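User: I am in my first year and would like a close look at one single part of this protein, the sheet. Could you take me through how its strands are arranged and what packs on them?

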Amino acid sequence: MKTVYLRRIIILFIVLIIAFLGARELWEIRHFKQSIVASEDLTKRVMLSDYFEGIKGTWVDTPVYIFDSGKAGGSMLWLGGTHPYEPGSMVTAYVAAENIKISKGKIFLIPVANRSAWTMGDYGMGYPKYFTLKGSWGAKKFKIGARNSNQLDQWPDPFTYIHYPSRQKLAPQDIRNLNRTYPGRPDGTLTERLAYAITELVRKENIDLFVDMHEASLMYPVVSTYVAHQNAEDITMMAAMMLSAEQFPMKSEVSPKNLRGLSHREVGDFTDALVVLMETAEPFIDRVAGKMTEELMVEGKDEFLQRAAEKGLLYCDPEYDIEFGRPMWYRVGRHLSATMELIKQMGSFYPDKEIEVDFPLFKDLEKNGIMHYLHNPETADPNRLFYQ
Ligand SMILES: [Zn+2]
């Protein structure tokens, strides 16, 4: 009798230890904080809930960095991390946050648009939680998140997700996808309220240009592409032409009218902003890619993608080559230059919406790498150091 009890107690004890270790890992991912040493031109840092109370105190409330030149001109809302498992978009936003110099107009920057989705990884994908970039002052760890809001924050998913207000039927999990819930609604699900808060910022700040950064798999036809609401078609086509002539190949498409819930459809329809989404090539999320490692995330070199490229199955432009891969600096550099080109084109099409701004571009990252433009939090001015 006594040995039976002893064995049961030991088993219970082992189970508790395993549960504790597992829970601790999940807790750490959820509470990880990224440092940002904001540029000297930062005017103000507010929370998104300042534009819509309905997300205050929730896991989707997220910092907004405002760079205001004080001189009348255009305004831009710039989003990273709509889908945190596309981290090139967030790294671009961190580089921008730490380096923006603005002399005309205003920029509103949200590095992690869906912070709830950033607090977990995608089930069943088996990828690392973090990746690291190395520079002259040391190494910096970046978290990779998931695509959709965390189910701890929004649950359960419905059998069919009916988009508001179009009533189009979408996949159940897309009810937690920020880029399927625009324009959002104030009394909706948490992700719909997040979309509503972003749309409210666009309306209240009279945003002229809305740029939503993403990364796509190489087998997705819309990779290396701008997708623009029809109102932004002119500036986007010109920007793609200029980039392709001067920096790197870039395609441009117009948002289909019957694809609902996306930023480039709904924010364009429900506000006055010119809305553009951009995709870079992220080998990490292709289903045919091999082992999901930090190296694959940072360098983007994969032999299976090379095979797919040889069979003509990839859409990325320029063509995939394993010698070069798709390194993080390349993807971030593309987003930076592609955003700058949109700003320039908006200024030449609409002179009253001109923004004069400076931040690192593709050629700078090609020469110096990403870490050259990110600062050491340990030696930073504490007034400009933020953790989010
Ligand atoms: Zn995306």
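Analyst: What follows describes the sheet, then the helix that packs on it, and lastly the chain as a whole.

The model is a predicted one, and in it eight strands form an open sheet whose order is β2-β3-β6-β4-β11-β14-β12-β13, with mixed pairing. At the edges stand β2, which covers residues 44-47, and β13, which covers residues 251-254; each of them has a single partner strand, so one side of each is left without a neighbour in the sheet. On average, neighbouring strands of this sheet are turned by 20° against each other, when direction is ignored.

To see one pairing in detail, consider β3 (residues 63-68) and β6 (residues 106-110), which run antiparallel and are joined by four bridges. Asp 68, for instance, has Lys 106 in β6 as its bridge partner. Helix α2, made of residues 88-99, packs on the sheet and touches β3, β4 (75-79), β6, β11 (209-216) and β14 (274-281), while the direction of α2 makes about 135° with that of β11.

Around this sheet lies the rest of the chain, which has nine helices and 16 strands in total. The radius of gyration of the chain is 21 Å, close to the 21 Å that the globule rule gives for 388 residues, so the chain is as compact as a globular protein of that length. Of these 388 residues, 49% are buried, and among the contacts in the chain with a separation of 6 or more, 74% are between residues 24 or more positions apart.

Conventions: Residues numbered from 1 in each chain as written. Predicted model: local features only at pLDDT ≥ 70, side-chain atom pairs only at ≥ 80, totals over all residues. Pairing = 2+ DSSP bridges. Helix = DSSP H or I, 4+ residues; strand = E, 2+ residues; numbered from the N terminus. Axes fitted to C-alpha atoms, helices over the stretch in contact; angles between N-to-C directions. Contact = placed C-beta atoms within 7 Å. Rg over C-alpha atoms; globule rule 2.2 N^0.38 Å. Buried ≥ 20, exposed ≤ 12 C-beta atoms within 10 Å, placed from the backbone.
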